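Biologist: I have a few short questions about this model. Can we go through some local details?
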Amino acid sequence: MDVDTGGSASCTAGEGSKILVIGAGCTGLALAHGLKKAGIPYAVYESRSNVAPLKRDWNFGLHWSAPALQSLIPTELWAMIQSTQVDPHTPTKDVETLRFHNGRTGELIRGVEVERFYRLRRSKLQALLSEGLDIEWEKEMVDIIHLEDEKGVKAIFEDGTEVTGSMLVGADGTRSSVRSLLVGCDSAKPTPIDFATTMCFSKYSRDRALFLRSAPHHPLFQTAPHPDGYFSWLGLHDASDTDHPESWVFQHYISFPEPREFENKKTVAEHVAHQKAMASQFADPWRSSFEWIPDDTTTAWYGKLNHWDPALPEHKWNNRGGLITLAGDAAHPMTFQRGQGLNHALTDSVKLCKAIVDCWHSSEGFLCGRAAAIEGYEKEMIARASEELRLGELNSRMLHDWEQVQQSPTFGKGLSR
């Protein structure tokens with residue numbers, strides 16, 4: 001697509017101007033692909049190194065937003081999406097059934113159908129989406145300067161370098177630096193809800209790995225609310241080598257009620273011991289997945305479930321006439337037990353990309369159309385994400401309340417919007 005900015009000189013993005021994307025996570029990378037496809041100059045800046053592994057990897061569900069991602073990235077990359085699955089050898093079905101079991105007895109409670117449910121590894125998806133993009137690594141942003149008349153923005157990095165663009169997008173995740181600069185450090189902190197968990201990543205012997213993945217449960221993941229008020233997930237994280245189950249990595253956790261104001265000071269070993277104690281009340285395979293891990297495992301991390309609601313008055317940011325905005329987890333980190341985070345993030349990417357493209361190529365020019373375009377994007381995004389945040393908190397409460405489990409949004413709505 002040829003770039004025709006149109007408009008008067010005062011409304012046209014200057015020569016060499018570009019969209020600054022802060023964060024090389026899935027949100028920022030998907031957006032960058034869309035901008036590149038539209039012929040709009042961009043650059044992505046990421047604080048981590050491109051050679052260092054992610055400090056924390058996990059996996060997530062891609063379902064109703066899959067068409068959004070497909071529309072943004074090149075055809076050849078979408079053709080490789082299966083390679084980013086936790087098990088690239090298990091094809092994605094047209095319709096998938098998520099099975100929920102009674103954690104105490106193992107009996108099936110209910111199945112929920114989901115169309116085209118992909119279970120993707122975060123690190124592998126980010127690596128795929130990095131291909132073909134202009135990314136500058138090890139660029140920790142520390143400040144933002146608004147240029148005269150808000151016609152441009154300057155990002156200042158920790159290494160002393162700076163770069164100017166016609167717009168800046170904060171797509172730098174749950175602990176977003178851009179969000180902190182926009183609303184202040186205190187207001188930018190995610191809000192914990194009254195539940196916590198310890199994520200464990202474990203390997204097992206060949207026989208044990210095959211047992212944990214065996215029928216009648218799902219080959220990729222197994223879920224179990226427990227009558228005592230717990231919720232457990234057991235799923236594959238990496239099964240790249242089909243012939244060697246002893247190399248497979250499983251991701252598993254038990255979440256539990258914990259007051260949001262409670263400061264949990266347990267050591268890693270104590271968190272693991274707590275998970276094991278709760279797991280002893282579960283049926284297999286959830287019980288054994290914890291019983292079989294070493295007491296001194298270090299591949300585990302504790303955290304409270306949390307979110308950040310962009311609709312709250314104290315969270316309202318000034319986008320400076322569309323000069324700066326947020327997307328994905330930078331705009332609305334959410335709890336994970338309804339599997340919506342990635343899907344809303346990618347929806348942000350496709351809607352923000354359209355807003356930028358439409359005004360970049362409009363007759364009035366990008367700088368004159370930017371304010372209205374970004375206002376429209378933020379209005380829809382904030383309303384959509386805020387609704388999901390509230391639904392997510394309600395869902396977590398109900399999944400931990402045996403009397404309400406089957407009335408939870410996950411049971412009632414499935415994973416649809």
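Modeller: What follows covers one strand residue, then some backbone angles. This is a predicted model, in which local features need pLDDT of at least 70, side-chain atom pairs count only at pLDDT 80 or more, and totals for chains, interfaces and linings use all residues. Residues are numbered from 1 along each chain as its sequence is written, and side-chain values use heavy atoms, with hydrogens and water left out.

Biologist: Where does T223 lie?
Modeller: In strand β13, residues 221-226; strands are DSSP E runs of at least two residues, helices H or I runs of at least four, numbered from the N terminus.

Biologist: Buried or exposed?
Modeller: T223 is buried because its relative accessibility is 6%. Buried means under 20% relative accessible area, exposed over 50%, partly exposed in between (1.4 Å probe, protein chains only).

Biologist: What does T223 touch?
Modeller: Leaving out residues up to four places away in sequence, T223 touches R99, F100, H101, F231, S232, W233 and W286; contact means heavy atoms within 4.5 Å. H101 is 122 residues away along the chain, with a C-alpha separation of 6.3 Å from T223.

Biologist: And what lies 2.8 Å from the backbone oxygen of R99?
Modeller: A polar atom of the T223 side chain.

Biologist: Switching to the backbone: which peptide bond is cis, with omega near 10°?
Modeller: The one from D284 to P285. P285 sits in the loop between α8 (268-279) and α9 (286-291).

Biologist: What about phi of R116?
Modeller: Positive, about 45°, although R116 is not a glycine. R116 is in the loop between β5 (108-115) and β6 (118-121), and counts as partly exposed at 30% relative accessibility.

How values were computed: Polar contact = N/O pair within 3.5 Å; in protein donor to acceptor, adjacent residues only side chain to side chain.
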